[in-house]
Amino acid sequence: MHKSESSIVGWAESSKPNSGLRGLSPTHGLSTPPLALYVHFPWCVRKCPYCDFNSHTLHGELPQERYIEALERDIEAQAMQVRGRPLVSIFLGGGTPSLFEPAAIGRVLAAARREFATAEPFEVTLEANPGTIERGRFAEYAAAGVTRVSLGAQSFDAQALHALGRIHSPRDTLRAAEELHAAGLVNFNLDLMYALPGQTVAGAVNDVAQALALEPAHLSHYQLTIEPGTLFAAAPPQLPMDDIAAAMLTECRDNLGTAGFEQYEVSAYARAGRRCRHNLNYWNFGDYLGAGAGAHGKITQASQGLIVRTAHLREPRRYLASDPCALEQKPVAAADLPFEFMLNALRLPEGFKMETFEARTGLGWQDICAAMQGLEARGLVECTGARYRATSKGLQFLNDVLLAFLPAPPLCTG
Ligand SMILES: C[S@@+](CC[C@H](N)C(=O)[O-])C[C@H]1O[C@@H](n2cnc3c(N)ncnc32)[C@H](O)[C@@H]1O
Ligand code: SF4
């Protein structure tokens, strides 16, 4: 799962849950959106102290064969529920999918191709840790069907990488990028984090410059956040002050713009034609199946006026021991849909069309107009042409904006 899918940025003062979302209309007008597949690989060489993803230090041998067999069964079982719908993309995320051999990844992709028709051009992204890449490996992943790679560079400063507990060096990232170019996988992303322990604005700017020198097609630029339950939460490192972090973001964003990278989501920058289709599907409130330990899915059952969230057991051993058909399924309440839609769509600087909101939630303008008008009056959202979007102030205080779409608390009748 992509980091920015669930993370929320910026809280403004005087935030309070909205009370204008009572009595939503039923979800009659739902249409079937595009469908993607997310496959989770839950192991890493070592758990990073800042990471709250469902990733686990690998102790002993990787249970590659058992896990791939479980994924094959999982994909097969879930395909039954969405028969006839083609896939638009696959994202092999983690954890560290690049711990798995190319032949193993090929088996997962073959299982997906057996069960689904695929839309063209078809995007298949593999997340890779630069510390796990052997010579020739990317060429083999490409031969197995991978079309795009997301490389966890994080920083080009050896000290910063050490402070982040990374298993790789700046040199490993350089080598991995060379391998990507040699394999013809030029559509690759680099993940960078900024506001790292001890980092200066010049340091953050230098990281972006070094990343650009590797000629990626896409760059994800995340502010390091201290997540509950991580080692960093238990023993927080000294991080740059907020105004320094804001200056890092402004300078890095400007430099990326000058280098021809368009910001198309809060943390995502791409060259023309290189936006990540898979993540765009999340942000446009499309559907996705989630296969593997802890993977989540979202499926629209238009004829029944239902949107269902699915989830697998998080712990890899328990997932392996479970029946792949025993997937937790929960319908999303109509009252939760405005928030869930906006959590995704308002991350896009270009925002969304009202018809997309209506088709993908089954709700109508009347269900959000009070909230939207309130936000417009506060200069946090705007309507340009046929699109609604967060203003630059709204993007800065996105949490505050999203509060306006939370379901209203029950009325007090006492
Ligand atoms: C699930 S990780 C997968 C990448 C791969 N496992 C790796 O780390 O090389 C996706 C990305 O999320 C970002 N990330 C993870 N934890 C973060 C945090 N606490 N704050 C900001 N970004 C984070 C990192 O940039 C990471 O590369
Ligand atoms: S390698 Fe990636 S997924 Fe694994 S612990 Fe580190 S950041 Fe998390």
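Tutor: Let's start with Phe285, which lies in the loop between α10 (277-283) and β11. Keep in mind that this is a predicted model.

Student: Why is Phe285 called buried?

Tutor: Its relative accessible area is 1%. Buried means under 20%, so Phe285 counts as buried.

Student: What is unusual about the phi of Phe285?

Tutor: Its phi is near 60 degrees, a positive value in a residue other than glycine. Most residues other than glycine have a negative phi.

Student: Where does Ala195 lie, and what makes its phi worth a look?

Tutor: Ala195 is in the loop between β7 (188-194) and α7 (201-213). Although Ala195 is not a glycine, its phi is positive, at about 60 degrees.

Student: Is Ala195 buried or exposed?

Tutor: Buried. Its relative accessible area is 3%, and the cut-off for buried is under 20%.

Student: What makes Gly229 count as exposed?

Tutor: Gly229 reaches 82% relative accessibility, and exposed means over 50%, so it earns the label. You will find Gly229 in the loop between β8 (218-223) and α8 (231-234). Its C-alpha is 33 Å from that of Ala77, a residue 152 places away in sequence.

Student: Then why is Cys383 called partly exposed?

Tutor: Cys383 has 37% relative accessibility. Buried needs under 20% and exposed over 50%, with partly exposed in between, so 37% puts Cys383 in the middle class. Cys383 belongs to strand β16 (residues 381-384). Setting aside neighbours within four places in sequence, Cys383 is in contact with Glu376 and Tyr388.

Student: How far apart in space are Cys383 and Lys353?

Tutor: Their C-alpha atoms are 9.5 Å apart, while 30 residues separate them in sequence.

Student: How do you know that Gly290 is buried?

Tutor: Its relative accessibility is 0%. Buried means under 20%, so Gly290 qualifies. Gly290 is part of strand β11 (residues 287-291).

Student: What does Gly290 contact, leaving aside its neighbours within four places in sequence?

Tutor: Tyr38, Gln78, Ala295, His296, Gly297 and His312. Contact here means heavy atoms within 4.5 Å. Gly290 and Phe91 are 199 residues apart in sequence, with 9.7 Å between their C-alpha atoms.

Student: Why does His40 count as buried?

Tutor: The relative accessible area of His40 is 5%, and under 20% is called buried, so the label follows. His40 sits in strand β1 (residues 35-41). Not counting residues up to four places away, it touches ten others by name: Asn54, Tyr67, Leu71, Gly93, Gly94, Gly95, Ala291, Gly292, Ala293 and Ala295.

Student: What kind of peptide bond joins Gly94 and Gly95?

Tutor: A cis one, with omega about 15 degrees. Gly95 lies in the loop between β4 (87-94) and α3 (102-115). The bond from Glu120 to Pro121 is also cis, with omega near -5 degrees. Pro121 is found in strand β5 (residues 118-128). For context, most peptide bonds are trans.

Student: Which residues surround ligand 2?

Tutor: Gly95 appears here too, together with Cys44, Lys47, Cys48, Tyr50, Cys51, Ser55, Thr96, Asn129 and Arg166. The space that ligand 2 takes is the largest cavity.

Student: What makes up the shell around ligand 2, by residue class?

Tutor: Four nonpolar, four polar and two charged residues. Tyr and Cys count as nonpolar, Lys and Arg as charged, and Gly as polar, so Gly95 belongs with the polar ones.

Student: How many residues are in the largest nonpolar core?

Tutor: It has 63, and Phe41, Ile90, Leu92 and Phe138 have the most contacts inside it. Helix α2 (residues 64-79) gives the most to this core, with six residues. A second core of 28 residues includes Ala302, Leu346, Phe352 and Ile368, and is separate.

Student: What does Phe138 contact beyond its neighbours within four places in sequence?

Tutor: Its contacts include Ala128, Ile133, Val149, Leu151, Leu180 and Leu185, as well as Glu179. In soluble globular proteins, nonpolar side chains tend to be buried together.

Definitions and conventions:
Residues are numbered from 1 along each chain as its sequence is written. Chains are lettered from A and ligands numbered from 1 in the order in which they are written. This is a predicted model: local features need pLDDT of at least 70, side-chain atom pairs count only at pLDDT 80 or more; totals for chains, interfaces and linings use all residues. Side-chain values use heavy atoms; hydrogens and water are left out. A residue is near a molecule or strand if one of its heavy atoms lies within 4 Å of it. On a 1 Å grid over the protein atoms alone, a cavity is a set of points where a 1.4 Å probe fits but cannot get out, and a pocket is an open set with protein on both sides within 12 Å along at least five of seven lines; lining residues have an atom within 4 Å of a point. A molecule sits in a cavity or pocket if more than half of its atoms lie within 2 Å of its grid points. A nonpolar core is a set of buried Ala, Val, Leu, Ile, Met, Phe, Trp, Tyr and Cys residues joined through side-chain atoms within 4.5 Å. Buried means under 20% relative accessible area, exposed over 50%, partly exposed in between (1.4 Å probe, protein chains only). Helices (H or I, at least four residues) and strands (E, at least two) are DSSP runs, numbered from the N terminus.
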